[in-house]
Amino acid sequence: MKNILAMAVVAGLALTGGTFAQAPNFDDPAEFARQKEFLAATPMGPEGKPWEQYLVDTMKDTTGFKKDAPYTVCFSNAGVNNPWRVVGWTNMQEEAKLHPEISQIIHVDAEGSDDKQIADIDDLLAGGKCSILIVSPNTTAALTPAVEKACAVLPVIVFDRGVNTDCPVTFIHPVGGYGFGIQGAEFIAENVKPGGNVLMLRILPGVDVLETRYSGGKRVLEEAGLNIVGAEFTDGDNAKTKSIVEDYLQRGKIDAVWMDAGATAVAAVEAFEDGGYDMPVFVGEDQQDFLQKWKELGLTAIAPAYPSYQWRTPIIAAIHTLKGEAVPSPEWILPQPAITQATLDSYINTAMPPLHYALCGCEGMPNYPAAWGGK
Amino acid sequence: MTDNAIVTRKRQLPQINPVYFILAALIVAIILQNPAFVEPTGYMNFLKRAAPLAILAAGQVYVIVSGGFDLSVGSLITLVVVGSSMLLNNDPNSTWWVIAVMFGIGVGVGLINGLVVCYLKVPSLIATLGMMITLNGLAFMWSGGAPRGYLTDSYRFFGRYNFTDLPLIRILPVAIIVLLVIGFLLYWLMHRTNLGRMIHAIGDNPRAANLAGVPVNRVRIIAFIVSSLSAVATGILLGGFAGVSTDVGSGYELQAITAAVLGGALLLGGRGSVPATIAGALTLSAIFTLLNFLGLPQPVRQVVQGLILIAAVAVAVYRRKHTGR
């Protein structure tokens, strides 16, 4: 029994060690600095349409891909398994409707599985109908060979999460995880005195865009002399989030809550509300339920975003590519604004579902709000 | 004191279910970690959070004692929360009929589970696994992945509201009252009625029960319905506690089974008690809370959690071997 216990403890420590050993990959000071600069940069491209804007202006010549309309756009999607992706996928469909050159959009949903997505891409290539392929990869390393294979046959556009190859026409994404982490943590640093207690809530380990949010946020908080009382994984579960916050509140005062994903922000707010505690400084995300709670309670808060308007951009990039017009490349970096007290009112819309993401860039589209579930 | 009395004492001692000792030990550990736990807000919050799992496990033990499993409860919870938010449509006046509809869905799900197990002879593990996948799909189809409404305050009353400023105990969460009421009801049904005896009989030996005149199929179906109804109640409490989310119920089916096993229920049926199962659920919640308070890194926590569970069940099995109960 003793041996078994010892082995289990060793195994546990080994697992923990593994997590720590990986951490440096997600804490890259150069990338941190680059993204911090992007947050302050003035975007190029049409004003008021952040999904068409870009922060780096190196262009790629696409005349080699020029084809005659009509186009069949094929899209291999990692999944529609969370509300952010549901909003994004609606954005993409509505964007495609704005372009008469697109005769058809073929959508295959990998349901969050690498294997299925690799098979999906094979099927799309074998079908021979696609004019262009858009990929939102499920995971980076696993999808790289599939994307390379597709690049040999037709133009490919990657967005949201990346792959380890620069064969695609472009890789579309907002500033990134460090930027998200910085926006929230800097707001806390401005509003909480040094030495104040900050609780960090994370959704799950091991996803690059989330790990960089955490390391970026942590760096800013530590540099500001704040005391990080804990960093907990919530699994995106409201009940778990509320329980964790309640437990921390029993142990001592919390001056600020930082989150790497705001879907559970309202549950965290409620833990303070129900226990009758003073409201701390809050970092949420651009979900309607949080924005409305923020206004209702008059919180001191900020909502960084991973804007779902980025789902419109691949369609625009596809049209440009197929018409032989230049596109920003190898990366098309979109601006990544945060919602602040000053802009809060313009993003609140009680007619939209609670899990709707406000930075959808969809307000001016013909089927808004019905296509997104609004009234 | 005669020798006889000592023998009797020795025999009686292990007959107290070990889950109560484990629970007591964990609570002491929590108090040592965090003295604030002895304040009413500390333990009341704990009970409030444990209530949904306790109710779910108390329902699950009906199916387990009858010799089956119900894996569909987690996705039924999800369906209840997502479905309620869609039906409520932010209208507080709808609360009562929405709750009634949800219990109706619960009866339907339990009935189908039971009929499939009894008449199509599909093992309960497979039948309820299929139901789990189906219900998850239905919840997703209904909401399109993003539920379109909030849960109204009147709906959330059961899971969220606390009576405050009470004498002595200061606060009393409504969820605890719900747990007491449903817990007592399930206890009474299992241990004080003929139905409970028949459930035990068919789990122990369905053929013998059948020959003895127990309507095996009917009893089994009722067990599944009880389990589904408790899942609906759990869904209402969880939705109330934390609000709408799309994966609220995931993993709860295994936690409920674990709670029942911790409480000494036999996985092959024929044995199990509602109060011990509720204590098992409290134990599980106490483990989660303690690990929260200890502030260990996530992977270490999972290792500890797993070891405690295995150890607890090993103790239960050991005890059964040596006491024959």
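Helices are DSSP runs of at least four residues, numbered from the N terminus. With that in hand, let us work through some exercises on this predicted model.

**Exercise 1. Find the residue just after H12(B) that takes a positive phi, and decide whether H12(B) is enclosed or open.**

Step 1. Go to helix H12 of chain B, which covers residues 252-262.

Step 2. Just after H12(B) comes Gly264(B), with a positive phi of about 95°.

Step 3. Now look at burial. Buried means under 20% relative accessible area. Eight of the 11 residues in H12(B) are buried, so this helix is largely enclosed by the rest of the structure.

Step 4. Name some of them: the buried residues include Tyr252(B), Glu253(B), Ala256(B) and Leu262(B).

**Exercise 2. Check whether the end-to-end distance of helix H4 of chain B agrees or disagrees with the expected span.**

Step 1. H4(B) runs over residues 73-88, which makes 16 residues.

Step 2. The expected span is 1.5 Å times one less than the number of residues. For H4(B) that should be 22 Å.

Step 3. The end C-alpha atoms of H4(B) are 22 Å apart, so the two values agree.

Step 4. Two further details complete the picture. Of the 16 residues of H4(B), 15 are buried, and just after the helix Asn89(B) takes a positive phi of about 55°.

**Exercise 3. Describe the salt bridge between Glu331(A) and Arg34(A), and say which elements it links.**

Step 1. A salt bridge needs a side-chain nitrogen of Lys or Arg within 4 Å of a carboxyl oxygen of Asp or Glu. In this pair the closest N and O atoms are 3.4 Å apart.

Step 2. Place the partners: Glu331(A) lies in strand E13 (residues 331-334) of chain A, and Arg34(A) in helix H2 (residues 29-40) of chain A. They are 297 residues apart, so the bridge links distant parts of the chain.

Step 3. Both ends are partly exposed: Glu331(A) has a relative accessible area of 25%, and Arg34(A) has 31%.

Step 4. Set another pair beside this one. Asp160(A) and Arg161(A) meet in a salt bridge at 3.8 Å, N to O. Here Asp160(A) is buried at 5% relative accessibility, while Arg161(A) is partly exposed at 22%.

**Exercise 4. Work out how chain B and chain A meet, beginning with Arg49(B) and Glu246(A).**

Step 1. Arg49(B) forms a salt bridge with Glu246(A), with the closest N and O atoms 3.0 Å apart. The pair crosses between chains, from helix H3 (residues 40-65) of chain B to helix H8 (residues 238-251) of chain A.

Step 2. Both partners are buried, Arg49(B) at 14% relative accessibility and Glu246(A) at 6%.

Step 3. Salt bridges that share partners also join several residues into one network, among them Lys242(A), Glu270(A), Asp274(A) and Arg160(B).

Step 4. Widen the view to the whole contact. It takes 39 residues from chain B and 34 residues from chain A. The area buried between the chains is about 3,100 Å², and carbon and sulfur atoms give 51% of it.

Step 5. Count the polar links: six salt bridges cross the interface of chain B and chain A, one being Asp274(A) with Arg160(B) at 2.8 Å, N to O. There are also 11 residue pairs in polar contact, both residues being at pLDDT 80 or more.

Step 6. On the side of chain B that touches chain A, the elements giving two or more residues include H3, helix H7 (153-160) and helix H11 (216-242) of chain B. The largest share, six residues, comes from H14(B).

Step 7. By class, this side of chain B has 16 nonpolar, 16 polar and seven charged residues.

**Exercise 5. Describe the surroundings of Glu94(A) and Ala127(B).**

Step 1. Glu94(A) is found in helix H3 (residues 83-97) of chain A and is buried, at 6% relative accessible area.

Step 2. A polar contact of 3.0 Å joins the side chains of Glu94(A) and Lys97(A). Leaving aside residues up to four places away in sequence, Glu94(A) touches Met365(A), Asn367(A), Ala371(A) and Trp372(A).

Step 3. Ala127(B) sits in helix H6 (residues 124-143) of chain B and is buried at 12% relative accessibility.

Step 4. With the residues up to four places away in sequence again left out, Ala127(B) touches Asn113(B), Val116(B), Val117(B) and Val122(B).

Technical notes. Residues are numbered from 1 along each chain as its sequence is written. Chains are lettered from A and ligands numbered from 1 in the order in which they are written. This is a predicted model: local features need pLDDT of at least 70, side-chain atom pairs count only at pLDDT 80 or more; totals for chains, interfaces and linings use all residues. Side-chain values use heavy atoms; hydrogens and water are left out. Buried means under 20% relative accessible area, exposed over 50%, partly exposed in between (1.4 Å probe, protein chains only). Contact means heavy atoms within 4.5 Å. Buried area is the accessible area (1.4 Å probe) that two parts lose on being put together, summed over both. A polar contact is a pair of N or O atoms within 3.5 Å; within protein, one must be able to donate a hydrogen and the other to accept it, and residues adjacent in sequence count only if both atoms are side-chain atoms. Ala, Val, Leu, Ile, Met, Phe, Trp, Tyr, Cys and Pro count as nonpolar, Asp, Glu, Lys and Arg as charged, and the others, Gly among them, as polar.
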